[in-house]
Every structure is written in structure tokens, then in C-alpha cells.
Amino acid sequence: MAKKETKHKYVALIADDSSTARRMLTKELENFDFEVIEAENGQAAWNAILKMPTCDLIISDFNMPQMNGLEFLKNVKNTPKLKDIPCFILSTVGAEAEGVLAIAKKLGVMAWLTKPVQAEQIEILVRKIKE
Amino acid sequence: MTKTPKENTAKADEEIPPINRIIREVAIDSFNEFTGANATIKPVAKKDDFVYDFLMTIILTHCDSFDSMFKAHFSVATAMKITCQATGLEPDELTEEESIDFIKEYTNMFAGHFVGDLAQRGIRADISIPVTTSGFDEVVFTDIFYNDEYRDYWVLSFGDCGITITTNTKVKDTSVFADLEKEVLRKKKQPITFL
């Protein structure tokens, strides 16, 4: 887990096994005043969020080793103090192809994003959680 | 000299079996969307030769009808060039590991988009996690179809560099061919799906 030592208004947790995907997403979120905590898989993200004093947004890749994104978000949504954090799934596979979309919806995942994520999509997402 | 139809010169689209054509199209579209490049397919000139480019990333796609292996052979220098072009970062702002990871993420992107393409044809498929290894020599063959397996190899070419792609697709149920002939619309810049 890597923590960026800067003062931002909001805090986000990104879980993705690709370091470059995390880096690109972090760069975009920092433009919207987010401090970003990075985790390289679902297990690392779960360990991280339990230690975070606050979190305003979670973006998790779906296909990751050790613990996939849906398993991680299931843990989050089943934990009373974390369940209200807006959660998003990020995947190379489009929403129409993932059989797990219904499960994600039932869990309370807010949206499904398809890689590569565009800057304007991050803007939409940030606006949505600030509503 | 008589031309062997199985030679992988890939001069005309009609010579390429549908499964190989779809993989090629999705691979190029995914690469260009991910990197902002304008890459093209270049046939491999040598036949029955080794592909050796120090690094190789492999990702698997599985469905009831076939299993497919997609391999990207590349060098660190190529990975650095691609990553710099796609991210706007300078070489000294990137580590070699990050650039290698970028190619790994590309293969992940390809497989995800391939699954999306198959879904539109009514074929449900799953993908593995991509793995990168080094020092892997692969022998490529001219036979496009051998032992129930469709093979393909070509260079994803852009600027002065390229990635050699090899694919092996083992067909378990030939009824899938009808689905592969369907026309599908490949969406670029997929919207956010709010649940």
C-alpha cells in the first residue's frame, strides 16, 4: 500500500493489480482534490480500509489475484461503519458481459466502469458522489 | 512456385479464419484505444521461426466452445516507448516495471474487450489474470490450423517498434463458428453503467 503525503479534501481507495492503472487513476482523482490510497489487490485493499480513518470513495478493479473486486466490496458492504462509502467496480470487461453485474447491484455498488477510464468519466463519477 | 494457402502472410482478410480475425481486430482496437496510438498489423516475414523478445505476457480466455491463449512478446525498450506515448510521461519518470505492467494491462484490456465482443455474439467467456515472464522462446508455425487449434502470429506495429503477438485457440465445439460470423458493433469509450 502506498500513501501520498499531501493534504486533500477527500480520500479515495483504489484497488487494482496494475500499477500503471493505479497511477493513471490516482493522477485523475488528485485533480479533484482526492488523496489516494492504493492497494494492489482486494486483500490489500481490505487491510487498508480497516486502518483508514475516513474514506469518501472506493474504486476497485474486478479481476485481481488473492481477492477479487467483488469479494472485497462484499466485505465493505457487510461492515456497518463502511457500508455507506460509494463503491465503483472497474473492469476491462464491459458491464454487458459480466455475469456478476446483478451481484454488484445487489451489493450496492454504484456503477460499473469499463477500462480504459477517461478523464471525463472520473469527473462524472466525482460529481455523482458529491451530490 | 505454388503458394501454400496455410502460409500466414495474411494478405487478404478472407484468408484469415474468423476467430483469428476477431482476435486481431479486438487486439488492434484495444491497443489504439488504450495508448492513443495508430498501430497496424504487420505480417511476420519469417516462417517457422522463433519469436524471442525477452519478455512475454500471456492471458487466457475460456468459454464452453474454445480456449484461447494470447501472447505478447516485447522488449523493455518497446514497453517504455509505448508507456511514454500513452501516458505522456518521460522515460525518467517511469520504472521498467511500470512499463512492463503497462503491456500486461494492455493484454488484460484485450481479453476484456474480447469477452465483450464474444458476449455480443451470445458467447459467455471468462479471462485469466495476465502473467509476464522473461526468457521465453516460442516457435511459430506456418500452419494456421493444426491439431484442433487455430494459430496466428503477427506484429502489432507502430512507429519504429512493435510487439509480436501469437495466439492459439483450441476449438472444442465447432457450432461456435456460426456465432463468430455474426456482425457486432464494437463500442469505443464505453459509458459508465450506473447500477
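This passage walks through the strands, cores and salt bridges of a predicted two-chain model.

Confidence comes first. The predictor gives the complex an ipTM of 0.86 and a pTM of 0.88. For chain B, the average pLDDT is 86, and 90% of the residues score at least 70. The weak spot is residues 1-12 of chain B, where pLDDT stays under 50. The model has 20 contacts beyond four places in sequence for this stretch. Where pLDDT is low, the predicted coordinates should not be read in detail.

In chain A, a good place to start is strand E4, residues 57-61. This strand is mostly covered, with 5 of its 5 residues buried. In a regular strand the side chains alternate between the two faces of the sheet. For E4(A), neither face is left open: Leu57(A), Ile59(A) and Asp61(A) are buried on one side, and Ile58(A) and Ser60(A) are buried on the other. E4(A) also has a pairing partner in strand E2 of chain A (residues 10-15), to which it is joined in parallel by 4 bridges. Within that pairing, Ile14(A) has Ile59(A) as its bridge partner. A further 4 bridges tie E4(A) to strand E5 of chain A (residues 87-91), again in the parallel sense. Ile59(A) turns up here too, with Phe88(A) as its bridge partner in E5(A). Helix H3 of chain A (residues 69-77) completes the picture, making a right-handed β-α-β unit with E4(A) and E5(A).

Over in chain B, strand E10 (161-171) is the one to look at. This strand is largely enclosed by the rest of the structure, because 10 of the 11 residues of E10(B) are buried. Strand E4 of chain B (residues 66-74) runs antiparallel to E10(B), and 8 bridges join the two. One of the pairs places Asp67(B) opposite Lys170(B). Strand E9(B) is also antiparallel to E10(B), with 10 bridges between them. Lys170(B) is met again in this pairing, as the bridge partner of Glu149(B). E9(B) and E10(B) form a hairpin with 2 residues between the strands, and in this hairpin Gly159(B) takes a positive phi near 55°.

Next, the nonpolar packing. In soluble globular proteins, nonpolar side chains tend to be buried together. Here the largest nonpolar core has 50 residues, and Phe31(B), Phe110(B), Phe114(B), Leu156(B) and Ile163(B) touch the most other members. The biggest contribution to this core, 10 residues, comes from helix H3 of chain B (residues 96-120). Ile163(B) gives a feel for the surroundings: beyond its neighbours within four places in sequence, its contacts include Phe31(B), Ala72(B), Phe74(B), Ile82(B), Ile103(B), Trp154(B), Val155(B) and Leu156(B). His73(B) and Thr78(B) are also among the contacts of Ile163(B). A second, separate core of 31 residues includes Ile37(A), Ala39(A), Ala45(A) and Leu107(A).

As for charged pairs, the count comes to 16 salt bridges over all chains. In one of them, Arg24(B) meets Asp152(B), with the closest N and O atoms 2.7 Å apart. This pair links distant parts of the chain, with Arg24(B) in helix H1 (residues 18-35) and Asp152(B) in strand E9 (residues 149-158), 128 residues apart. Because buried means under 20% relative accessible area, Arg24(B) counts as buried at 5%, and so does Asp152(B) at 4%.

The salt bridge of Asp160(B) with Lys81(B) has its closest N and O atoms 3.0 Å apart. This pair also links distant parts of the chain: Asp160(B) sits in the loop between E9 and E10, and Lys81(B) in helix H2 of chain B (residues 76-87), 79 residues apart. Asp160(B) is exposed, at a relative accessible area of 66%, while Lys81(B) is partly exposed at 40%. In a third pair, Asp126(B) and Arg124(B) bring their closest N and O atoms to 3.1 Å. Asp126(B) is partly exposed at 37%, and Arg124(B) counts as exposed at 52%. Finally, salt bridges that share partners join Asp16(A), Asp61(A), Lys115(A) and Glu105(B) into one network. Asp61(A) in that network is a residue already met above, among the buried ones of E4(A).

How values were computed. Residues numbered from 1 in each chain as written. Chains lettered and ligands numbered in written order. Predicted model: local features only at pLDDT ≥ 70, side-chain atom pairs only at ≥ 80, totals over all residues. Heavy atoms only, no water. Buried < 20%, exposed > 50% of the residue type's maximum accessible area, 1.4 Å probe, protein only. Pairing = 2+ DSSP bridges. Right-handed = clockwise from strand over helix to strand, strands pointing away. Core = buried A, V, L, I, M, F, W, Y, C linked by side-chain atoms within 4.5 Å. Contact = heavy atoms within 4.5 Å. Salt bridge = Lys/Arg side-chain N within 4 Å of Asp/Glu carboxyl O. pLDDT = per-residue confidence, 0-100.
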